Amino acid sequence: MTQLLSVKNLCKSFGDQLIVNSVSFDVNESSTLGIVGESGSGKTTLVRSILRAIDPDSGSVRYNGEAGWQNLHELSAKELLPLRREVQMIFQDPFASLNPRMTVQTILEEPLVIHDLGDKAWRKQRVMEMLEKVQLDPSSAARFPHAFSGGQRQRIGIARALILEPRLVVCDESVSALDVSVQSQILDLLKALQSELGLTYLFVAHDLRVVREFCDEVLVMYSGNVVEQGPVEEVFNSPDHDYTRLLLSAIPSPDPDEKLDPLDRATLNLQLA
Amino acid sequence: MSANNLVSINNLTVEFKTELGSVTALKDVSFDLPRNCITAVVGESGSGKSVTSNSIMRLLPDSAQTSGEIILYPQKSEPISITSLAEKDPRLRSLRGGLVSMVFQEPMTALSPVHRIGDQVAEAVLCHREVSKEAAWSEAASMLEQVGLTDVQQKMRMYPFEFSGGMRQRVIIAMALICHPQLLICDEPTTALDVTIQAEILVLIKSLQQKLQNSVLFITHDLGVVAQVADRVVVMYDGQVLEVGDVKQILKNPQHPYTCHLLASMPGAERRTTKESKQKNWAAGAALGGGTALATAEDGRQVREFVR
Ligand SMILES: Nc1ncnc2c1ncn2[C@@H]1O[C@H](COP(=O)(O)OP(=O)(O)OP(=O)(O)O)[C@@H](O)[C@H]1O
Ligand SMILES: Nc1ncnc2c1ncn2[C@@H]1O[C@H](COP(=O)(O)OP(=O)(O)OP(=O)(O)O)[C@@H](O)[C@H]1O
Ligand SMILES: [Mg+2]
Ligand SMILES: [Mg+2]
């Protein structure tokens, strides 16, 4: 198995608050790493500093792309440009990340234009293909973001990220606004692309059922620290850390007779080592 | 007069006029929101859940053409026909500013980027109650603690962009709850929260509902959340209401094939079904246009299994 990404001792503070505390992990090509954890524990900050959307304080991010191993944080803006095609991010807040004055056609076409791919007719066709793949009507292309539902906007973001056929896709809560039926279709799509093109996913999500279904490995974050990581089934079946146990105990059952009764924080050891 | 219902939605149809022709978002939607009750709305992405709740708040854009009627029966005043209120009618202000409050689906769009979190939540208190600034600030602080934020005094001096997605969502929930509305509308309020915070928020919404004896319209696609929080469930698909019922009936004994399909699509459900039957389910779901023919007996059995 080829390694695609290697993150070592990544740290990021805002002011005097340490938000990401020395996080390290490796990801193999064509695999999916889930990142779960407390709200506010630093998941978005972590993935954004990996992609250099924000500058980390220390640590390294090495990426094994088409140009071989490179340290992402040592590249100049110009050297980074080709990587902008290989690595894509789907943002947590779909509305805020879509330009309200652009039609969906322009939004989806933009990455192709930036990377100077194809002619107009080809690009138009690619947009139509992507819309179909994320289960949106072809007529969507001419509409503006405000004319869509939350889940439809989320799918526009997904289509935009996938249109360049990237190698690494970072999904930050990317299927959270979808009903379970459309969600499972989108996850099937992501899986199909993975086996077809060898895509690798970093998959930040709160829905633990989805993570269990979709990811190979999982990393559990609590208060800026990785408290547990390993193959999904192992972590879900025999969690080591009390925070992971707490998370698993708080998944609501769809059986109304089974009342949710999460573990009591007071009885757990949530101290960080 | 309606003794039992806070809101009645009757034959609501909403069409958006666009340059490319019209989009029908709701077709003849009718259901009630009983008093002292949490009603969940589940359904397909794009099925009209947010358009329904925005219609109750009269927040649809000018391009929307509405027919049908929404009537609100407030506790101590005359019924209000929401759909026929003029834009300048003072009752519209009282509707949006207190009778009904809403947790929006996308938190960033509901917060002002240039005001501190604390000021925004305190402002929500000041809009609804005649209290001093200090009292509003401390009420805001206590509500933010109840939604699970820590170091509240420090966080209240921060701006929305300095908050995580889930922290912003909790601010919006706090702002809606602090108004003590007769109708609380929550549009996907817990999607950005980890499950432990989600569990706490669900308990908070339920206990405030019981204390205030108000009504809650709770839009979610998480059937686990529905099971934990709702008394009644409305199932929507393609702008229509397919099924309305008691939470136990809908989740344990769903009548409509689409509801069965939703239950079968829950992540994890696949582990118990074979790939083929999953695909069949999928195709059946896609073919649902007419709202009939779905789920064979075999599928019927599988969908009723609950997954952990
Ligand atoms: N620009 C910023 N300035 C100051 N603090 C920030 C900034 N961005 C994030 N933070 C803080 O960093 C912490 C982690 O935020 P982050 O968005 O990474 O969390 P998260 O794990 O993605 O949470 P969620 O699941 O709620 O999205 C939070 O306490 C947040 O307040
Ligand atoms: N301003 C608008 N102009 C045109 N069409 C619109 C507009 N707003 C919503 N729609 C359409 O109305 C339909 C219903 O949208 P709505 O936002 O109510 O869906 P929803 O059930 O809330 O979905 P989700 O679960 O994805 O949030 C969608 O097909 C959407 O594209
Ligand atoms: Mg986040
Ligand atoms: Mg919606």
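Below is a short set of questions and replies about the predicted model shown above. Residues are numbered from 1 along each chain as its sequence is written, with chains lettered from A and ligands numbered from 1 in the order written. Local features need pLDDT of at least 70, side-chain atom pairs count only at pLDDT 80 or more, and totals for chains, interfaces and linings use all residues; side-chain values use heavy atoms, without hydrogens and water.

Me: Into which domains is chain A divided?
Reply: Happy to start there: the bounds come from an automatic or database domain assignment. Chain A is divided into domain 1 (3-86 + 167-267) and domain 2 (99-165).

Me: Which three residues supply 36% of the area that domain 1 of chain A buries against domain 2 of chain A?
Reply: Buried area is the accessible area (1.4 Å probe) that two parts lose on being put together, summed over both. Domain 1 of chain A and domain 2 of chain A bury about 1,300 Å² between them, 68% of it on carbon and sulfur atoms. On the domain 1 side, the trio that gives more than any other three residues is A:Arg85, A:Ile186 and A:Leu189.

Me: How many salt bridges are there between chain A and chain B?
Reply: A salt bridge here is a side-chain nitrogen of Lys or Arg within 4 Å of a carboxyl oxygen of Asp or Glu. B:Glu200 forms a salt bridge with A:Arg265, their closest N and O atoms being 3.8 Å apart. Between domain 1 of chain A and domain 2 of chain A the count is 0 salt bridges, while between chain A and chain B the count is 4.

Me: What area is buried between chain A and chain B?
Reply: Good one to look at in the viewer: 54 residues of chain A are in contact (heavy atoms within 4.5 Å) with 50 residues of chain B. Carbon and sulfur atoms give 54% of the buried area, which is about 4,400 Å².

Me: Which ring lies under A:Arg62?
Reply: A charge sits over a ring if NZ of Lys or CZ of Arg is within 6 Å of the ring centre and within 35 degrees of the ring normal. A:Arg143 has its charged end over the ring of A:Phe148, 4.6 Å from the centre. For A:Arg62, at 4.7 Å from the ring centre, the ring is that of A:Trp69.
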